[in-house]
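Let's take a look at this one together. Have the sequence and the 3D view ready, and we'll go from a pair of helices to whole domains.

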Amino acid sequence: MIKKISVYPEKCTACRLCELGCSFKKIGEFNPIASRVRVSIFGEDAFYTPIICTQCDEAWCLKACPSGAISRDVGAKVVKIDPNRCVGCRMCTMACPFGTITYYTPEGKAIKCDECDGQPECVLFCPTGALKYEEESTPTRLKRVATARKLESSSKEVQP
Amino acid sequence: MKGWIGKILRVDLTKGEWKAEDLDRNLAQKFIGGRGLGSKILYDEIDPKIDPLSSNNKLIMATGPLTGTSASAAGRYMAITKSPLTGTIACSNSGGQFGAELKFAGFDLIIVEGKAKEPVYLYVEDGKVEIRDAKHLWGKTTHETTDQILSETDMDARVACIGPAGEKLVRFACIVNEKHRAAGRSGVGAVMGSKNLKAIAVKGTGSVSVANKEAFRKATLDGFQKVKANPVTSAGLPAYGTAILVNVINQHGLFPTRNFQQGVFEGAEKISGESIADQILVRNRACFACPIGCGRVIRVTDPKYACFGEGPEYESDWSLGACCGVDNINAIGKANYLCDILGMDPISTGVTIACGMELFQRGILSTKEVGGSLNFGDADTMLEMVRAIGYREGFGDLLAEGSYRLAERFGHPEYSMSVKKQEFPAYDGRGAQGMGLQYATSNRGACHVRGYMVAAEIMGSPQKLDPFDTEEKAGWDKGFQDTTAVVDSSGICLFNTFAFGAPEILEYLRAATGMEMTLEDLMKAGERIWNLERLFNLKAGLTGKDDCLPERFTKEPMPEGPAKGHVVRLEKMLPEYYELRGWDKDGVPTKERLKELGLE
């Protein structure tokens, strides 16, 4: 069973504790720009959500990296950066369609989520369950269950 | 430095200059940060007798050593200045993201001095400051101002600004950050307006670091656990926001109704947190680093009152609702929205309108002075008055002076529901004796967040006290007041204290700053801060005689409900309180106590 970080945007309150947990674990300081997970906040639409790397099977960042710094842990399904090989060229940030691999100025390196080797700190810090570390099919399974429940109630309504 | 950034930004608006100064670590240890450190700087740098709206006043925006960290709800900043409403020291606390961003931008505090010749705003970015022209922003609402400044600076900047009310020196104008969070009370926004300072925008990419990482992480996770285990912080506040209190306080008979003429509101159910959740709530919104998330994003669709914003909170729900006899949640939502965009404290706004309503009810005011009628329960007139106050139009110009100056002008100051000229929040002291004492002794006039005795007297936290008993209330009050001074100085939200107290805050502070501090030292710091504020007020010309309550609280028995027949027995509690504080019979701190506290 493969576990992944899943995102439930409707549960996010925009508190940004995930960013704090991540940066504290990664650089030992509180600094949102060092965080591998970032919260997007659209106040006027009452919409907020964490945005975090989905660890693509065929990762754009990995293919774009000219220095061989980005590799794939096939077992854990995680895409990782070796900071010793990263030259700070930013090709990966251009290739990634989601903006979840970023260039971290103070270190001159690319940074991205590595799921903290199976113990993601952002999930531990999230107070509402907007971020979860769970079996990777769980979110879609929950959606199917919700759909089936809707079908159940609608079929009852139209029964003669 | 750890916890603190170690830098203070000083801006002289008269000269148009700024400089960064080093934070004195010894001073920071003694006064912690935020409210304590800001008050100390104000006390040292201004003569407490000055006119608060003159260029001699200073405005201090202060964060605490925990602001910007992962300590529970550690996103607070405070605005400290001399209040144009009370003449006392003012310290108004706000959440959102502004405080944390100020630290990421490289400063613990901003001290604003002097007065700009023409409207300006400050843009603070990573240790650098620009004093920018704001003529094009003058007259704009807080929302318009925020959007415009974001477009001129950085989309991720955090903007704290004033609206028309602050510009027009409404005595209870507030400072609004990120549109929906406010340093609300005591007219701190009017001080900003008097300096021609429209806004402060901050943006930073720096870090906040802590002294002991492992200990801080442990304290963080322990704090989350306690917030999760407490029913108020884990269930009540997230589900219904602070307005969950409407039904609770109403059932206990201390929900002030029609300018405190009653303690039970027949329309409470209609304006309750439950009704807000049912009718206008869109979603919860948390401040920075907050696991509670009490903020309410609301949308009113009724075309007459249509608006989209945050709130009402318990206080504004009550002040613009029950206190004015209004039970229409849509109208209250709209009035709260107007307070946000015009930039004024909804508590003082609502209670001042309610004071006008009582003066009208008693025939002291007529349609001639008001320009129409002003009846309790008239939602549309209440709304019109909110707007008129913000722009100081017509009768709104008199209301903008606050309830005390209004009632005094018409010869009846006894109908102003205020202490030291600041309006009461939503708890009638006749239904909670300790709260009554706390109102009389609060250093910024009537206020619920200087010592929230309701927690013990009504909600049973940390233990249930008989609300009608006066025994031992003085000691409880002192404990609550000193603890609150610690909370406000550390940079975390007071709502945490439902779930944990001073020992947990001590753990955070020790791990963050590396200070070797005992619980006794910490509580002494709280007491030191309280006494420093008191000294400011005494030097400003206030005396023990100002530790009083309106006659309604002390002489008019509550007419109905669970608190029926009660008055606040202040005369029983106040002498005991002075004694416990180490103050003389006139309420002046003794030399010995000041020496003990390191304030000689």
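Is the crossing of helix 2 of chain B and helix 22 of chain B left-handed or right-handed? Keep in mind that you're looking at a predicted model.

## Two helices that pack

The crossing of these two helices of chain B turns out to be left-handed. When two helices pack, you describe them by the angle between their axes and the distance between the axes. Here, helix 2 (residues 34–45) and helix 22 (residues 519–540) of chain B sit at an angle of about 35°, and 10 Å lie between their axes.

So who meets whom? Helix 2 of chain B brings Arg35(B), Gly36(B), Ser39(B), Lys40(B) and Tyr43(B). Across from them, helix 22 of chain B offers Ala525(B), Ile529(B), Leu532(B), Glu533(B), Leu535(B) and Phe536(B). Sort the residues of this contact by type and you get six nonpolar, two polar and three charged.

## Zooming out to domains

The domain assignment splits chain B into domain 1 (7–203), domain 2 (241–423) and domain 3 (429–498 + 516–596). Measuring between C-alpha centres, domain 1 and domain 2 of chain B are 26 Å apart.

## Where domain 1 touches domain 2

In chain B, 34 residues of domain 1 are in contact with 27 residues of domain 2. On the domain 1 side, helix 4 (142–152) and helix 5 (164–167) of chain B each chip in at least two residues. Helix 5 of chain B gives the most, with three residues.

What is that side of domain 1 of chain B made of? Its residues divide into 12 nonpolar, 17 polar and five charged.

Conventions:
Residues are numbered from 1 along each chain as its sequence is written. Chains are lettered from A and ligands numbered from 1 in the order in which they are written. This is a predicted model: local features need pLDDT of at least 70, side-chain atom pairs count only at pLDDT 80 or more; totals for chains, interfaces and linings use all residues. Axes are lines fitted to C-alpha atoms, for helices over the stretch in contact, and angles run from 0 to 180 degrees between N-to-C directions. Helices (H or I, at least four residues) and strands (E, at least two) are DSSP runs, numbered from the N terminus. A crossing is left-handed if the near helix is turned anticlockwise from the far one by less than a right angle, and right-handed if clockwise. Two residues are in contact if their C-beta atoms, placed from the backbone, lie within 7 Å. Ala, Val, Leu, Ile, Met, Phe, Trp, Tyr, Cys and Pro count as nonpolar, Asp, Glu, Lys and Arg as charged, and the others, Gly among them, as polar. Domain bounds come from an automatic or database domain assignment.
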